[in-house]
Amino acid sequence: MRRIGVFICWCGTNIANTVNIEGVTEAAGKMPSVIYADNYKYMCSEIGQSMIKEAIIKEKLDRVVVAACSPRMHELTFFKTAAAAGLNPYLVEIANIREHCSWVHKDKQEATGKAIALIRTAVAKAARNKELWATQIPVECRALVIGGGIGGIQAALDIADAGFEVDLVERTPSIGGRMAQLDKTFPTLDCSACILTPKMVEVASHHNITLYTFSEVEKVDGFVGNFEATIRKKARSIDLEKCTGCGICWEKCPSRVKSEFDEALVMRKAVYVPFPQAVPNVPVIDRASCRRFTREKCGICRKACPAGAVNYDQEDEVLQKKYGAIVVATGFDILDLDDFGEFSYGKHPDVLTSLEFERLVNSSGPTGGRLLRPSDQSPPKNVVFIQCVGSRDKSRGKPYCSKICCMYSAKHAILLREKYPEAQAYVFYIDIRTAGKDFEEFHRRAVEEYGALYLKGSVGKVFPDGDKLLVKGVDSLSGHAVEIEADMVVLAAAIKAKSDAPQLARLLGISTDTHSFFTEAHPKLRPVEAHTAGIFLAGACQGPKDIPETVSQASGAAAKAIILLSKDNLLSNPCVSEVNESLCTGCLSCIKVCPYGAVAEKTIEEKIHGKALKRRVAEVNEALCQGCGSCTVSCRPGAVNLKGFTNEQIMAEVDAICL
Amino acid sequence: MPVNLKLQSFEPLIIAFCCNWCSYAGGDLAGTSRMTYPANVRVIRVPCSSRVSSNFILRAFQRGADGVVVAGCHPGDCHYTSGNYFARRRFLLLQRFLEFLGMEPERFQVHWISASEGNRFAAVMTETTDKIRALGPNRKLRDTR
Ligand SMILES: Cc1cc2nc3c(=O)[nH]c(=O)nc-3n(C[C@H](O)[C@H](O)[C@H](O)COP(=O)(O)OP(=O)(O)OC[C@H]3O[C@@H](n4cnc5c(N)ncnc54)[C@H](O)[C@@H]3O)c2cc1C
Ligand code: FES
């Protein structure tokens, strides 16, 4: 026989006005196993709570039902009350007689009847509650940051400054990301390299950061506080320790390929550093284009290297490392413009993407910052910028706004005029969106001080016309067709997610939206966390962003990671699934429905009639399980149960509520 | 509460299984906003709509419920990412099974109600009660004991 106590709250008049408290108390006292029932004006107050504590001790209560407001409101309060009186908090049940009863019903008799039914239900459940204990999971005090753009750099620095070890994994030979490709940055026009390179150097020299460039994360197992990642360090073919970065190897290398960093506007060598300020300043041999590897000839760089750092036999290295938290900062790509044939992109060398333009104005770029037309190396006079190429375009591109193009197109118009004061910028736009600090002012400067001509409307076609480009469009404000003879056309191609984002999401067990941007746990209140506990998001991998937004999100993600890493142990939610191995038939339907990969199979050995038999059963990883209960319903023999919401508890609730 | 089987004064008993994160919170909001719906509806809180086994629903009908509602987060919004998709598939089958047993399919309903839809919670519960009141008592699955 249980000893259940029921405590009924008036909630001032909130409950007492529509529910007959005395009647309910009397009815509760007669319910099975209830040995004590009482009521008070404010159960959640100090006095109310002491009433519960005293009764637990005096009446030796072993279960408690509090009939009050929603459990989403005060469940934790009453859990603590019980715990203070030495009762396991999971032996407490709440009957919601306010939000679900007194506040939504007018008739006192009906509300009273329903309150009694709800209390009866809670009593029936409480009678079957068991003591539950939150287990402690130790936390591995190290973080993994994936992606070494400005987002990853900022997150790594913040976590490292807080005193935790960080491994930063970057796929390309150098950290820096897109920001390293940019010339000047809106809205202040400070030079991108000047503000970025000091941070890159800081990452490389920070005693808490280990940098893995030219590396990739191949596999991630485990769960919050206890991730285990497999990292592949691709063979650089250059010894990181010996190389001094002198540059003789790439001077001598005879193979040329298009430079990814310079958006294929110029050639690089097969042994190369992507850009002069690369960190680490150590080249890699691109084996797909190196003659040594493609034709087994050559060997010039090895002969030339004064440090003896070239090693053609170097192999990939695979590392296994443990982490408590992971920050994902893998950035973005820009849309392929194959479907936009009307702009002659790819057909005429002077039709460029904004990123290519960015390289052309950059003083370390292909033209030394002189901004010359790729076709004849002459300075452009009339430049047409076309915004929203593939953005806000459901049929051929992306339905969303890429957010940064209005600003960088204004920036480009300014940069053009700074290089060539007599040049003219024309900007075709749908809407101007400059909702950032100092953004609108920046845009106005482009128009008022730098004379950029903004045309609201779209461009129908760009025709190559001799050594010029004929741009035909509409100015929808005047209603006139416009034709501009341009020397250069720059397309603001849409920002899109990395093409391999879905694979990375699968590997990490996080989710993506329909455009393959990683989704945050809550769009408003948890914008830097992924759905999977312990994984955080930073930068443009979560949606189009400029640098200030990327950096703030990265610091936010770092703060969340630091909160996690500063705990020695995590307390797990004890309301998780468990498997009764004697009932489990090993069908493993539960594995298929688990959103967290928390169920796995294991083999157990049993003695049946003296014979040892091996049998497959399901096993729940309590640290991964979030307690949804999906598996319990899929289980045919009823071997899986959810603690705190067991089949027996819910069945008892159904029986009691229908009485 | 003995259920009155006489049609004139028939008041149905409706059991609603609500997921903790959206629909139960939607119910709370209906309360905080002082909306009203019939007291015929009684809620059982579950972590997710995917925790609701068909057994619970059949048991409710056996014990005399005249209607059962399962309410969860909108598709795509489940707190556990995919729970309500499994629930949706399962309950589509259960609905057809109940129909096959000869029960009016309206007696078992699945609704998606978010935490911000207090008005929808109240509306769904009111409409369901009205519908089931019109259908009359559940005689098909009720225990005869
Ligand atoms: C033309 C143009 C002009 C711009 N001008 C400005 C400006 O003036 N001002 C401004 O504020 N913003 C500007 N931006 C936006 C700015 O580039 C971004 O906000 C910023 O680069 C986002 O940083 P990030 O770290 O999120 O991503 P990224 O810079 O894309 O960095 C991501 C990094 O992750 C690496 N990576 C990707 N996948 C993996 C993987 N699986 N494993 C390991 N590493 C991986 C990539 O190699 C890369 O180094 C501009 C953007 C464009 C396109
Ligand atoms: S949590 Fe609401 S349906 Fe899954």
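Colleague: How far does a backbone N or O atom of A:I150 lie from an oxygen atom of ligand 1?

Modeller: Keep in mind that this is a predicted model. A polar contact here means N or O atoms within 3.5 Å. The pair in question joins an oxygen atom of ligand 1 to a backbone N or O atom of A:I150, and the separation is 3.3 Å.

Colleague: Which residue offers a polar backbone atom 2.8 Å from an oxygen atom of ligand 1?

Modeller: A:A540 has a backbone N or O atom 2.9 Å from an oxygen atom of the ligand, so to speak a neighbour of the answer. The 2.8 Å pair belongs to A:I547.

Colleague: How much of the accessible area of ligand 1 does the protein cover?

Modeller: On its own, ligand 1 has 1,000 Å² of accessible area. With the protein in place, the covered share is 97%.

Colleague: Which domains of chain A each give at least three residues to the shell around ligand 1?

Modeller: There are 35 residues around the ligand, with A:E170, A:R178, A:K411, A:K545 and A:I547 coming nearest. By type, the shell splits into 14 nonpolar, 12 polar and 9 charged. At least three residues come from each of domain 2 (142-234 + 316-331 + 498-565) and domain 4 (334-496).

Colleague: Is α11(A) largely enclosed or open, and how many of its residues are buried?

Modeller: Buried means under 20% relative accessible area. The buried residues of α11(A) include A:F357 and A:R359, and they pack against β8, β19, β20, β21, α12 and β27 of chain A. The helix is largely enclosed by the rest of the structure because the buried count is 8 of the 8.

Notes. Residues numbered from 1 in each chain as written. Chains lettered and ligands numbered in written order. Predicted model: local features only at pLDDT ≥ 70, side-chain atom pairs only at ≥ 80, totals over all residues. Heavy atoms only, no water. Near = heavy atom within 4 Å. Polar contact = N/O pair within 3.5 Å; in protein donor to acceptor, adjacent residues only side chain to side chain. Areas by Shrake-Rupley, 256 points an atom, 1.4 Å probe, with all protein chains shown as cover. Nonpolar A, V, L, I, M, F, W, Y, C, P; charged D, E, K, R; others polar. Domains from an automatic or database assignment. Buried < 20%, exposed > 50% of the residue type's maximum accessible area, 1.4 Å probe, protein only. Helix = DSSP H or I, 4+ residues; strand = E, 2+ residues; numbered from the N terminus. Contact = heavy atoms within 4.5 Å.
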